[in-house]
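Please look over the sequence and the three-dimensional structure below before reading on. The briefing that follows is meant to be read with both in view.

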Amino acid sequence: MSDLAKNNSFNDAVCVEAMRVFDSCSSQDCLEDLLVNVDAQTQTLLNSASHVKIPSAEVIDAAFTVDAVPFNKGFYSVDITYTFRLEMEITPCDEGGAVTDAIGSARFNKKVILFGSEGNTKTFRSDETNAPAINGCSCCSTLPIASVSVVDPIVLGTKFICTPCQPVPPCGFDCNDAQGCQEEPPFDPANRQVRVTLGQFSVIKLERPVPVLVPMYDYCIPLKECSSNTDSPCEVFERISFPTDEFFPRGLETEDSDNTESAE
């Protein structure tokens with residue numbers, strides 16, 4: 001940090017373009033009974049399985065659609081389609097058969113309405129194509145920019161079903177003999193399904209680039225010199241502190257004491 005910043009004084013006020021958050025919301029969603037999509041090889045394993053477990057899940061993609069809300073200027077509906085990657089453990093019906101690891105996916109659509117203000121400017125940049133960039137977005141609209149921050153979801157439950165209405169029966173049961181209710185899309189009784197329930201935390205925001213005036217203390221000059229590490233792997237390893245906590249886990253009493261001190 002420069003001396004000017006330390007003394008709380010600045011040289012000048014400069015105009016910079018920054019993303020302003022006009023509205024945001026936090027969400028805690030229970031995504032119940034999402035259909036797990038699998039490839040043909042995994043589906044074959046499921047059709048002869050006795051049990052399926054999903055130990056973990058992660059968000060690998062989020063697709064956005066932003067539309068203006070009619071008769072409510074400045075408000076926008078944000079549709080987000082999450083794509084989840086699911087790690088699966090499939091247990092076969094054969095006694096003593098090895099558990100097979102597989103990958104599945106699931107999708108969930110969420111819709112929220114947020115305030116995103118209004119903007120009608122068209123911005124052209126020399127480092128981009130000749131297409132108009134409106135409010136920082138290379139597209140022909142005045143929509144704000146939506147973003148979402150998420151953590152990996154918690155797997156709350158897994159269902160392995162043979163028909164839309166009942167759990168998977170014991171091994172050797174013929175799914176074609178079961179009469180179940182109809183659901184959309186049509187269910188193929190020859191192929192068993194896996195349904196997963198996830199707990200998802202997220203923060204959704206609507207932003208626009210705006211020019212703001214900020215005080216300038218000084219240019220950001222790095223104080224640390226660049227260095228090339230030529231040490232051997234063993235020399236690097238010797239400088240790492242011994243992970244004592246990994247060998248001697250902390251007790252509940254110690255954690256409660258730390259929390260009390262932090263609160264004070």
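What follows is a short guide to this structure, arranged by topic.

This is a predicted model, and every statement below should be read with that in mind. The protein contains five helices and eight strands, and of its 264 residues 26% are buried. Among the contacts with a separation of 6 or more, 75% join residues that are 24 or more positions apart.

**Overall layout**

- Followed along the sequence, the helices and strands come in the pattern α-β-α-β-β-β-β-β-β-β-α-α-α.
- The accessible surface of the protein is about 17,900 Å², and carbon and sulfur atoms account for 52% of that area.

**The three-stranded sheet**

- Three strands form an open sheet in the order β2-β3-β4, and their pairing is antiparallel.
- The edge positions are taken by β2 (49-68) and β4 (100-115), and because each of these has a single partner strand, one side of each is left without a neighbour in the sheet.
- From one strand to the next, the twist of this sheet averages 15°.
- Strand β3 (residues 75-92) is joined to β2 by 16 bridges, with the two running antiparallel, and one example to find in the model is Lys 53, whose bridge partner in β3 is Glu 89.
- As background, strands of a sheet pair through backbone hydrogen bonds, and the pairing can be either parallel or antiparallel.

**Pairings made by β8**

- Strands β1 and β8 run antiparallel and are joined by 21 bridges, and within this pairing Ala 13 has Pro 215 of β8 as its bridge partner.
- Strand β5 (residues 145-150) also pairs with β8 in the antiparallel sense, here over six bridges, and Val 148 is bridged to Ile 204 of β8.

**The largest nonpolar core**

- The largest nonpolar core consists of 29 residues, and those with the most contacts inside it are Phe 84, Leu 86, Met 88, Val 194 and Leu 198.
- At least two residues of this core come from each of β1 (12-35), β2, β3, β4 and β8 (193-216), and β3 gives the most, with eight residues.
- When its neighbours within four places in sequence are left aside, Leu 86 is in contact with a list of residues that includes Val 36, Ile 54, Ala 102, Ile 103, Val 196 and Leu 198.

**A closer look at Ile 103**

- Ile 103 lies in strand β4, and with a relative accessible area of 38% it is partly exposed, so it falls between the cut-offs of under 20% for buried and over 50% for exposed.
- Not counting residues up to four places away in sequence, Ile 103 touches Val 38, Thr 42, Arg 85, Leu 86, Glu 87 and Met 88.
- Although Ile 103 and Val 36 are 67 residues apart along the chain, their C-alpha atoms are separated by 9.6 Å.

**A buried residue in a helix**

- Gln 43 is part of helix α2 (residues 40-47), and its relative accessibility of 18% is under the 20% cut-off, so this residue counts as buried.
- Apart from neighbours within four places in sequence, the residues in contact with Gln 43 are Val 38, Asn 191 and Arg 192.

**Cysteines**

- How many disulfides does a search of the whole structure find? The search finds zero disulfides.
- Cys 25 has a relative accessible area of 23% and is partly exposed, whereas Cys 234, with a relative accessible area of 56%, is exposed.

**Positive phi angles outside glycine**

- Asp 33, which is found in strand β1, has a positive phi near 55° even though it is a residue other than glycine, and at 25% relative accessibility it counts as partly exposed.
- Ser 117 is not a glycine either, and its phi is positive at about 60°; this residue sits in the loop between β4 and β5, where its relative accessibility of 17% means that it counts as buried.

Key:
Residues numbered from 1 in each chain as written. Predicted model: local features only at pLDDT ≥ 70, side-chain atom pairs only at ≥ 80, totals over all residues. Heavy atoms only, no water. Pairing = 2+ DSSP bridges. Helix = DSSP H or I, 4+ residues; strand = E, 2+ residues; numbered from the N terminus. Axes fitted to C-alpha atoms, helices over the stretch in contact; angles between N-to-C directions. Core = buried A, V, L, I, M, F, W, Y, C linked by side-chain atoms within 4.5 Å. Buried < 20%, exposed > 50% of the residue type's maximum accessible area, 1.4 Å probe, protein only. Contact = heavy atoms within 4.5 Å. Disulfide = S-S within 2.5 Å. Areas by Shrake-Rupley, 256 points an atom, 1.4 Å probe, with all protein chains shown as cover.
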